[in-house]
Amino acid sequence: MKTLITGGTVVTASETLQADVLVEEEKVAAIALNLDVQADRTIDATDRYVIPGGVDVHTHFDLPFGGSFCSDDFGTGTRAAAFGGTTTCVDFALQDYGESLRQGLDRWFEKGQKAQTDFGLHMIVREVNDQVLKEMDQLVGEGITSFKLFMAYPGVFMLDDAAIFKAMQRAADSGALIMMHAENGGPIDVLVQQHLAEGKTDPVYHGLTRPAAMEGEAVHRVFKMAELAGAPAYIVHLSSRDALDAVQEARDRGVAAFAETCPQYLYLSIDDLARPDFEGAKFVCSPPLRSKEHQDELWKGLAQGDLQIVATDHAPFNFKGQKDMGKDSFADIPNGLPSVEDRVTLIFQRVRSGQLSPSRWVELVATNPAKMFGLYPRKGTIAPGFDADIVIFDPNRERVISAEDHHMNVDYSCYEGMTVWGVPETVMQRGNVLVENDQWFGTEGGGTFVPRSRFQEP
Ligand code: URP
Ligand code: ZN
Ligand code: ZN
């Protein structure tokens with residue numbers, strides 16, 4: 001089977017050029033001007049960008065959290081991702097207390113059976129002991145090459161510094177990457193309890209009890225420990241100037257310090273958390289949304305390279321039946337926002353406004369995530385030999401984001417009513433069309449697990 005994509009503007013992290021793309025079976029076979037090839041199918045991409053399928057390295061499908069489960073499973077979540085131009089998600093398998101990493105991982109492989117796009121897995125480590133440290137090495141050999149640790153949520157996910165340091169040493173030996181949820185959970189928990197005792201129960205207090213300074217402090221600690229352990233470290237869902245300053249400071253010292261931010265920290269703010277009538281609950285995530293001044297700093301961090309990736313931290317909970325579990329206490333609102341479908345388009349808005357180059361857009365949403373998380377040279381760019389995960393993106397179509405027609409299995413959108421430019425019109429995975437003109441052609445179970453290689457600097 002040969003597919004020829006003609007007349008488009010091919011964008012990779014290194015160039016933007018007019019070219020045709022030939023796909024043979026599951027792979028990209030050639031990129032050249034005016035390819036003269038007999039194909040089974042030709043797609044006209046005139047006036048479209050032809051970009052690599054997006055890679056979202058931070059999703060939570062079917063994650064148990066706060067007495068509930070994220071409302072997207074691998075089936076609905078990967079389908080929504082593909083509608084938004086993302087063809088590979090890396091989700092987080094979870095170790096339960098008292099169990100081995102293997103048990104948690106097997107549960108995630110089971111959940112992953114429903115995937116409609118390709119996917120990888122990180123492993124959340126909740127307990128560190130000799131057995132777990134050995135298992136970390138085994139998992140690296142099986143393509144689970146990154147481990148998420150928490151400095152927040154005491155009694156639920158949080159590890160102490162000794163446990164974190166041991167895991168970092170192990171990662172340094174095996175070539176794995178430590179991903180950190182960096183918020184100092186101790187003081188935050190004290191503030192949460194004090195506010196609740198004073199009757200301050202509204203969603204906005206979720207933000208006010210998790211100050212940016214406690215994120216900055218934790219990020220600083222991460223890189224001091226990582227430096228001592230000789231391990232690279234990566235901050236997930238970085239939300240504030242304070243945290244970015246700590247990343248910059250570590251990078252200036254020569255530490256292998258990396259970080260992602262997420263669309264919610266670039267577009268939303270604590271004003272959303274303060275919306276009346278419990279609407280703020282829709283915006284409860286951790287770290288919390290910050291005041292607007294932080295947004296410009298994060299955009300600068302993306303443009304200048306101190307932030308290397310935009311991921312979503314997609315963790316959807318319905319407003320009715322899930323978020324409303326916290327009607328009487330913000331501490332009972334399940335943490336997380338939906339956005340796996342919106343990421344590629346939201347970041348594209350900065351290309352449209354001339355503030356980001358097309359290549360940097362592709363680098364942030366596809367190439368860097370693929371490189372840093374060991375999916376390269378299979379995913380992350382359009383080049384001969386790579387998987388034909390390709391998005392034909394129409395930059396000139398305007399639309400309004402709404403829960404009415406999004407594909408995520410959640411009853412609201414954080415971006416409801418926002419006008420955006422750009423539609424991922426045709427989305428292809430390994431040469432097969434998943435999305436064409438708003439129609440779905442994928443199948444549950446059609447996605448495959450992709451083992452990942454060890455961490456590489458982008
Ligand atoms: O609020 C969030 N971020 N929920 C998902 C779990 C996590 O910490 O990433
Ligand atoms: Zn987290
Ligand atoms: Zn997360």
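## Report on a predicted model with zinc ions

P377 is placed in the loop between α13 and β16 (390–400). The structure is a predicted model, and this loop is a convenient point of entry.

**The loop between α13 and β16**

The bond that joins Y376 to P377 is a cis peptide bond, with omega at about 10°. F386 is another residue of the loop between α13 and β16. With a relative accessible area of 8%, F386 is buried; the cut-off for that class is under 20%. Leaving aside residues up to four places away in sequence, F386 touches E26, K27, V28, Y376, P377, R378, K379 and T381. Both partners of the cis bond, Y376 and P377, are thus among the contacts of F386. F386 is also 140 residues from A246 in sequence, and their C-alpha atoms are 36 Å apart in space.

A second cis peptide bond runs from S286 to P287, with omega near -5°. P287 belongs to the loop between α10 (270–273) and α11 (293–304).

**The zinc site**

Which protein atoms are the donors of the zinc ion (ligand 2)? They are NZ of K148, ND1 of H181 and NE2 of H237, at 2.1 to 2.2 Å from the ion. The spacing of these donor residues in sequence is K-x32-H-x55-H. K148 comes from strand β11 (residues 146–150) and H181 from strand β12 (residues 177–181), so that this pair, 33 residues apart, links distant parts of the chain. Both K148 and H181 are buried. The zinc ion (ligand 3) is separated from the zinc ion (ligand 2) by 4.0 Å.

**Two helix pairs**

Two packed helices are described by the angle between their axes and the distance between the axes. The table gives these values for two pairs.

| Helix pair | Axes come within | Crossing angle |
|---|---|---|
| α3 (residues 130–141) and α4 (residues 161–174) | 10 Å | roughly 35° |
| α12 (residues 343–352) and α13 (residues 358–372) | 9 Å | roughly 155° |

The crossing of α12 and α13 is right-handed. Angles over 145 degrees count as roughly antiparallel, and α12 and α13 are therefore roughly antiparallel to each other. On the α12 side the contact is made by R343, V344, I347, F348 and V351, and on the α13 side by P358, W361, L364 and V365. By class, these residues comprise 8 nonpolar and 1 charged, with no polar residue.

The crossing of α3 with α4 is right-handed. Here L133, K134, M136, D137 and V140 of α3 meet K166, A167, R170 and S174 of α4. This contact of α3 with α4 has 4 nonpolar, 1 polar and 4 charged residues.

**Helix α1 and strand β9**

How many of the 10 residues of helix α1 (residues 74–83) are buried? The number is 8, so the helix is largely enclosed by the rest of the structure. The buried residues of α1 are F74, G75, G77, T78, A80, A81, A82 and F83. Their cover includes the helix α2 (101–112) and the strands β9 (86–94), β10 (118–124), β17 (419–429), β18 (432–436) and β19 (439–440).

T86 is located in strand β9. Its relative accessibility is 0%, and T86 counts as buried. Not counting residues up to four places away in sequence, T86 touches G54, V55, D56, A81, T117, V340, R343 and V344. Of these contacts of T86, A81 is one of the buried residues of α1, whereas R343 and V344 belong to the α12 side of the contact with α13.

**Residues with positive phi**

Two residues other than glycine are described here for their backbone: D47, with phi near 65°, and Y153, with phi near 60°. D47 is found in the loop between β4 (41–44) and β5 (49–52), and Y153 in the loop between β11 and α4. Is each residue buried or exposed? D47 has a relative accessible area of 55% and is exposed. Y153 has a relative accessible area of 13% and is buried. The loop of Y153 follows from elements already described: β11 contains the zinc donor K148, and α4 is the partner of α3 in the right-handed crossing.

Methods:
Residues numbered from 1 in each chain as written. Chains lettered and ligands numbered in written order. Predicted model: local features only at pLDDT ≥ 70, side-chain atom pairs only at ≥ 80, totals over all residues. Heavy atoms only, no water. Donors = N, O, S within 2.8 Å, 3.2 Å for Na, K, Ca; no water. Helix = DSSP H or I, 4+ residues; strand = E, 2+ residues; numbered from the N terminus. Buried < 20%, exposed > 50% of the residue type's maximum accessible area, 1.4 Å probe, protein only. Axes fitted to C-alpha atoms, helices over the stretch in contact; angles between N-to-C directions. Left-handed = near helix turned anticlockwise from the far one by under 90°. Contact = heavy atoms within 4.5 Å. Nonpolar A, V, L, I, M, F, W, Y, C, P; charged D, E, K, R; others polar. Parallel < 35°, antiparallel > 145°, perpendicular 65-115°, else oblique.
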